[in-house]
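Let's take a walk through this structure. Keep a viewer open and follow along as we go from helix to strand to interface.

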Amino acid sequence: MNAIEINKLTKSFGKQKALDGVDLTVKEGEIYGFIGPNGAGKSTTIRILLGMLRKDTGDVRLLGGNPWNDAVKLHEHIAYVPGDVTLWPNLTGGEVINFLGRLHGNVDSVKQKELIETFQLDIRKKCKSYSKGNRQKVALIAALASNAKMLILDEPTSGLDPLMELIFQDYIHKAKKEGKTVFLSSHILAEVEAVCDKIGIIRQGKIVESGTLDELRHLTRTTLTVELKSDLDLNKLVGIHDISHDGGKVRFSADAEYLDQIISKLSTSGIKSLTAEPPTLEELFMRHYGKNQGIMSHNTAHKELK
Amino acid sequence: MADNNFKGTLNILRFYLRRDRFILPVWILLPLFLIAGQISFIESMADWRDFMAELSANALTNAILGPIVPLSKEGAVLWRGMLQSSIVVMIGSSFTAIRHTRSDEESGRYELIYGNGKGRYASITAAFLISSAGSFISALLVSLILIISGFSFTGSLLAGLTLCAVGLLFTGIGVLISQILQDSGSARGLIFALYFLSMVPMMINNVGGGNTFWIWLVPESWFKITEPFGGNNFSPLLVFIVLSILPVVFAYYLMENRDLGSSIFKEKLGPENSDELKSPLALSFRQHKKTIIIWCIGMAFIGGAVGFITPSISENISEMLVNMSTWAETMSKLGNREGFVSVTIYIMGLMAGTSVYGIATVLNLKKEESEHFAEILLANPVSRIKWMSSYLIIAYAGSAIILLVLGASVGWGWGYSSGDMSLVSKAIVMSLTKIPSVWVIIGIAALLYGWLPRISAVLSWVFLGLFIVIEMLWEAGIVGWSAMELTPFGYAHYSIPINELSFLSLSFLVLLSITFTFVGLVGFKNRNII
């Protein structure tokens, strides 16, 4: 069964179109990474899934139910962490964790204690004195301690330190082992690469790419660095881009479908050394920035290579 | 190298002025309109001299507003307009100061400014300058309108300067409590509390003849010390200035001696767990408990004092006044003492007191929503209806409790000092019969929140303001009773003796409030969470 099924979902705020026909499927037990630039529609999608916003058109099913009409019933099976956690300033972290746990009703109190310890949260402090990372921890602890079937996480680790980030990833792996479904919206691509089974990239209210990381990689270029015995005019080859020279080495990216041809041409010139880097999620992601792609070519790190 | 603590003050000042470009003119111009309105009102009355003489001699108006000093056209204008103008400037200047100091610091905006190479004092100085200048301009406009209306230059100038002094004092108080308290909500609450507390010495002064030492504790009545157009006492201004400077100096001292973002009170650690927080209602109760207690203490304090001084008011209302105004005519049914109690319970229990509590409580829903507290709560299996109801229950029940405390304390004070304990139940009935009207106002706020969340705060206050304006127009004889019947105030009005209140109308008001609330809940259930 599918945990989330979204078909042709649209949502506008006045004249501004936030979602423009989103199609998305998350299978039960899957860790789904939902990535996209700011303002692409990630939070809007999540808020529709939570029944906070009403959809305009399209179909949305969450755990087999209608997220707007069955909100209360569905929320028994869902734990949610908002992207920008704000908490009641006069309550302590402990009080909030407890309160949210009671509201949810299905919480593992042993796990809760364990989480408070591993995340090293001082729960006696008032929420107003917490830093962003600490507020994020409060919401994470409350969500991860619940026995909910599904976790909906909207940029849950923004503000966490790298150590806490690892602990978070560890808990997501544990959640997968327990058979939970995780819907993870994130900007931290390393995090998505590390934990997600499947990835969807949203841009301007539409899913522009989706699949496993391997599947997505096939769609893009591999970066090759070669050292050749004799000279070869790479510009003549089809499917080669961004050539740069670094000492005796040449670096370029190659289209997946021409990889075969390119390698055989290279070998005729005699290969001294060769390294191939699969495209990172970052590179995949950058391809979808559209207008902002210019930033990549102006980026100083890239200039150095040329 | 010595750091310039005031660096960037002018930059920030310009920035604050831009942020305040809509709200600043409101409180700066309002006193002008209030005074101008009073001038035209009195000018238009053919027999104002007789009316004022009678009103001034009346024990009831005396107890509420104090004597008219001097007993002239000018004095009458100030008597009717200066108190309100002073309150506007008090609230305006102190809230402006709080807005740019504590609110900004609380939200972290101040760090952006301070981190940008501005001096430590730049922000507080800019806030101080805006509030002070606002008070000064407001006062200047009042002086000008008085002079233009042909009143004496000296008196007009003194009236303005007195108003300015009140604004300066509250600028200072605003800046100071922003240093002491850590959140802006409590800071604004404290300003209201100070104002309400000042009503007690004001009434003691009024009943005690109008010229006692108590008046010094009532900044909104300082014009009675300087007596523009009468005694024209300029020397108290010096005392006012010194009083206004003290809190400012103290505020700068505290600013230098505390950490950014914190107050001078160190924060304590709280509990690890709370057994009471079991439901949205429990949370809502927890969030409002303190507010309700503070309202009750305030009501008990002021109510008790009002009740206590009531027997010292003479009972007679003069024939002549009754013939001259519809207001006095309706009041003659009650007599001065019961009238005084009735008016006080009406103002505190309905018009300017409990309604404010009710609206503020409903609007906390909006705050919880826009701060995204609602989102994290509603992501749990909690229905929207349950969440919204938990705040409305606190609004409904809290207002009833506050009214009960008000009635009981007025009644106790009145009964105790007059030796007639049957007055306790009378005052309680007077107060509790305000419940349906307050509930209608809560219902209106709930309806607006359900359907028009973004503008619900402004609209709720506009509705209350509209009802108050109709009340004032009725008192001035400009609109008839039928207009009052368009407001929830008209059915539990102070001029209606308790045995003449219509049970049917009050029941209808309760039904109306339930309907409004229901429609509001439906609206909230079916709209997007913002």
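What should the 24 residues of helix 9 (residues 184-207) of chain B span at 1.5 Å a residue, and how far apart are its end C-alpha atoms? The expected span is 34 Å and the end C-alpha atoms are 36 Å apart, so the two agree. Keep in mind throughout that this is a predicted model.

Stay with helix 9 of chain B for a moment and look at what is hidden along it. Its buried residues are B:S184, B:A187, B:R188, B:I191, B:M202, B:M203, B:N205, B:N206 and B:V207. Here a bit of general helix geometry is handy: an α-helix has 3.6 residues a turn, so residues three or four places apart point the same way. As for what does the covering, the list includes helix 4 (59-65), helix 5 (73-107), helix 8 (153-180) and helix 12 (280-309) of chain B. Just past the end of helix 9 of chain B, B:G209 takes a positive phi of about 110 degrees.

Now zoom out to the whole of chain B. Its secondary structure is 23 helices and zero strands. How does the radius of gyration of chain B sit against that of a compact globule with 530 residues? The globule would come in near 24 Å and chain B has 24 Å, so the two agree. Along the principal axes, the C-alpha atoms of chain B fill a box of roughly 70 × 60 × 40 Å. Of the 530 residues in chain B, 49% are buried. If you count the contacts in chain B between residues at least 6 apart in sequence, 78% of them join residues at least 24 apart.

Some loop residues of chain B are worth a click. Between helix 10 (223-226) and helix 11 (236-256) of chain B sits B:F229, a residue other than glycine with a positive phi near 70 degrees. Is B:F229 buried or exposed? B:F229 has 22 other C-beta atoms within 10 Å, so it is buried; the cut-off for that is 20 or more. In the loop between helix 10 and helix 11 of chain B you'll also find B:N232, which is not a glycine either but has a positive phi of about 45 degrees. With 15 other C-beta atoms within 10 Å, B:N232 counts as partly exposed.

Another loop, the one between helix 2 (23-43) and helix 3 (48-57) of chain B, holds B:M45. This methionine is partly exposed, with 17 other C-beta atoms within 10 Å. For a sense of scale, measure across from B:M45 to B:I309: they are 264 residues apart along the chain, and their C-alpha atoms are separated by 33 Å.

Over to chain A, and to its strand 8 (residues 198-203). Why can we call strand 8 of chain A largely enclosed by the rest of the structure? Because five of its six residues are buried. On one pairing, strand 3 (residues 31-35) of chain A runs parallel to strand 8 of chain A, joined by four bridges. On another, strand 8 of chain A pairs with strand 9 (residues 206-211) of chain A in the antiparallel sense, over five bridges. In that second pairing, A:R203 stands opposite A:K206 in strand 9 of chain A. The hairpin of strands 8 and 9 of chain A has two residues between the strands, and A:Q204 takes a positive phi near 45 degrees there.

Back in strand 3 of chain A, pick out A:F34. A:F34 stands opposite A:G200 in strand 8 of chain A. A:F34 is buried, with 28 other C-beta atoms within 10 Å. Beyond neighbours within four places in sequence, A:F34 is in contact with A:K42, A:F183, A:L184, A:S185, A:G200 and A:I202. A:N134, 100 residues from A:F34 in sequence, is 23 Å away, C-alpha to C-alpha.

How far should you trust chain A? Its mean pLDDT is 88, and 94% of its residues reach 70 or more. Residues 291-306 of chain A are another story: pLDDT stays under 50 there, and the model has eight contacts beyond four places in sequence for them. Where pLDDT is low, the predicted coordinates should not be read in detail.

Finally, bring the chains together. In the model, 25 residues of chain B are in contact with 28 residues of chain A. On the chain B side, the largest share, five residues, comes from helix 17 (residues 373-378) of chain B. That side divides into twelve nonpolar, seven polar and six charged residues.

Terms used
Residues are numbered from 1 along each chain as its sequence is written. Chains are lettered from A and ligands numbered from 1 in the order in which they are written. This is a predicted model: local features need pLDDT of at least 70, side-chain atom pairs count only at pLDDT 80 or more; totals for chains, interfaces and linings use all residues. Two residues are in contact if their C-beta atoms, placed from the backbone, lie within 7 Å. Ala, Val, Leu, Ile, Met, Phe, Trp, Tyr, Cys and Pro count as nonpolar, Asp, Glu, Lys and Arg as charged, and the others, Gly among them, as polar. A residue is buried if 20 or more other C-beta atoms lie within 10 Å of its own, exposed if 12 or fewer, and partly exposed in between; C-beta atoms are placed from the backbone. Two strands pair if DSSP finds at least two bridges between them. pLDDT is the predictor's confidence in each residue, from 0 to 100. The radius of gyration is taken over C-alpha atoms; the globule rule is 2.2 Å times the number of residues to the power 0.38. The expected span of a helix is 1.5 Å times one less than its number of residues.
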